Amino acid sequence: MSDKGFILWFTGLSGSGKSTLATYLIPILKEAGKKVELLDGDEVRENLSKGLGFSKEDRDTNIGRIGYVANLLARNGVVSITAAISPYRDVRDGVRAKAQVPFVEVYTESPLSVVEERDTKGLYKKARAGIIKQFTGISDPYEEPLKAEVVVHTGSESIEESAKKILAYLKSKGLV
Ligand SMILES: Nc1ncnc2c1ncn2[C@@H]1O[C@H](COP(=O)(O)OP(=O)(O)O)[C@@H](O)[C@H]1O
Ligand SMILES: [Mg+2]
């Protein structure tokens, strides 16, 4: 078993399953002997990035901080899982370029119509009503990854199927 850390970087629309899959994988990775830490977007914005908004500049600052901390942990043997929308390709690629550890980008792909229909947090409804501004997918951009290590189709797969794909990739690279 490898004791190397790495960054498991989820990206995708709100409600596309980033937190669900991250949370699902944590006990499995721990069972495999890994130390694991989750940097979840919502929690980071309450702490590390408190006060930042949703302009491109603030989003980029937020993602830069998440990437910085994820790398610090991972270079000390921790599996750093991040679960933030991280909508901008150049910023994700910037974090990847700075990483001193393997960087595994997981795109939780789902049609907007599906996540909007699920609207697990009621945010799409508010975004459509204009109550929330600069909402990714509605009134703010989302740039799909062009070379994600893993793409899961969370609009049509089960959580188990998506998680299995991610674990298969990690095993194939000897990371787990
Ligand atoms: N294959 C799948 N992977 C992840 N989530 C899924 C999948 N299929 C259905 N879902 C559901 O989609 C929702 C995703 O919500 P969440 O994980 O909070 O998204 P995010 O963190 O990306 O905003 C959950 O209600 C989850 O049960
Ligand atoms: Mg989430």
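A pocket is an open set of grid points with protein on both sides within 12 Å along at least five of seven lines, and its lining residues have an atom within 4 Å of a point. The structure examined here is a predicted model, and the description below treats its bound ligand, its pockets and its enclosed space in turn.

Ligand 1 is surrounded by 17 residues, of which G15, K18, S19, T20 and E157 come nearest. By class, this shell comprises 10 polar, 4 charged and 3 nonpolar residues. Two helices, α1 (18–31) and α7 (159–172), each contribute at least two residues to the shell. The largest share is that of α1, which provides 4 residues.

Polar contacts with ligand 1 involve backbone atoms of the protein at several positions. At G15, a backbone N or O atom lies 2.7 Å from an oxygen atom of the ligand. The nitrogen atoms of ligand 1 also take part: one is 3.0 Å from a polar backbone atom of E157, and a nitrogen atom of the ligand is 3.4 Å from a polar backbone atom of T154. Ligand 1 taken alone exposes 570 Å², and 82% of that area is buried by the protein.

The space that ligand 1 takes up is the largest pocket of the model. This pocket holds about 760 Å³ of space. It is lined by 35 residues, and those closest to its centre are S14, G15, K18, D42 and K121. Four helices, α1, α2 (41–46), α3 (56–74) and α7, give two or more residues each to this lining. The greatest contribution to the lining of the largest pocket is made by α1, with 4 residues. The lining divides into 15 polar, 11 nonpolar and 9 charged residues. G15 and K18 thus appear both among the residues that come nearest to ligand 1 and among those closest to the centre of the largest pocket.

The second largest pocket contains about 200 Å³ of space. Its lining consists of 13 residues, with G64, G67, Y68, V95 and K98 closest to the centre. At least two lining residues are supplied by each of α3 and α4 (89–98). Of the elements that line the second largest pocket, α3 gives the most, with 5 residues. The lining of the second largest pocket comprises 6 nonpolar, 5 polar and 2 charged residues. Helix α3 therefore contributes to two linings, since two or more of its residues belong to the lining of the largest pocket and at least two belong to that of the second largest pocket, by the definition of lining residues given above.

Enclosed space was also examined. A search of the whole structure finds 1 cavity of 30 Å³ or more, and the volume of the largest cavity is about 30 Å³. The residues that line the largest cavity are S14, G15, D119, T120, K121, L123 and Y124. By class, this lining has 3 polar, 2 nonpolar and 2 charged residues. S14, G15 and K121, which line the largest cavity, are also among the residues closest to the centre of the largest pocket. One of these residues, G15, additionally places a backbone N or O atom 2.7 Å from an oxygen atom of ligand 1.

Note on methods:
Residues are numbered from 1 along each chain as its sequence is written. Chains are lettered from A and ligands numbered from 1 in the order in which they are written. This is a predicted model: local features need pLDDT of at least 70, side-chain atom pairs count only at pLDDT 80 or more; totals for chains, interfaces and linings use all residues. Side-chain values use heavy atoms; hydrogens and water are left out. A residue is near a molecule or strand if one of its heavy atoms lies within 4 Å of it. A polar contact is a pair of N or O atoms within 3.5 Å; within protein, one must be able to donate a hydrogen and the other to accept it, and residues adjacent in sequence count only if both atoms are side-chain atoms. Accessible areas come from the Shrake-Rupley method with a 1.4 Å probe; for residues, only the protein chains shown count as cover. On a 1 Å grid over the protein atoms alone, a cavity is a set of points where a 1.4 Å probe fits but cannot get out, and a pocket is an open set with protein on both sides within 12 Å along at least five of seven lines; lining residues have an atom within 4 Å of a point. A molecule sits in a cavity or pocket if more than half of its atoms lie within 2 Å of its grid points. Ala, Val, Leu, Ile, Met, Phe, Trp, Tyr, Cys and Pro count as nonpolar, Asp, Glu, Lys and Arg as charged, and the others, Gly among them, as polar. Grid points are joined across faces, edges and corners, and a volume is the space filled by probe spheres set on the points.
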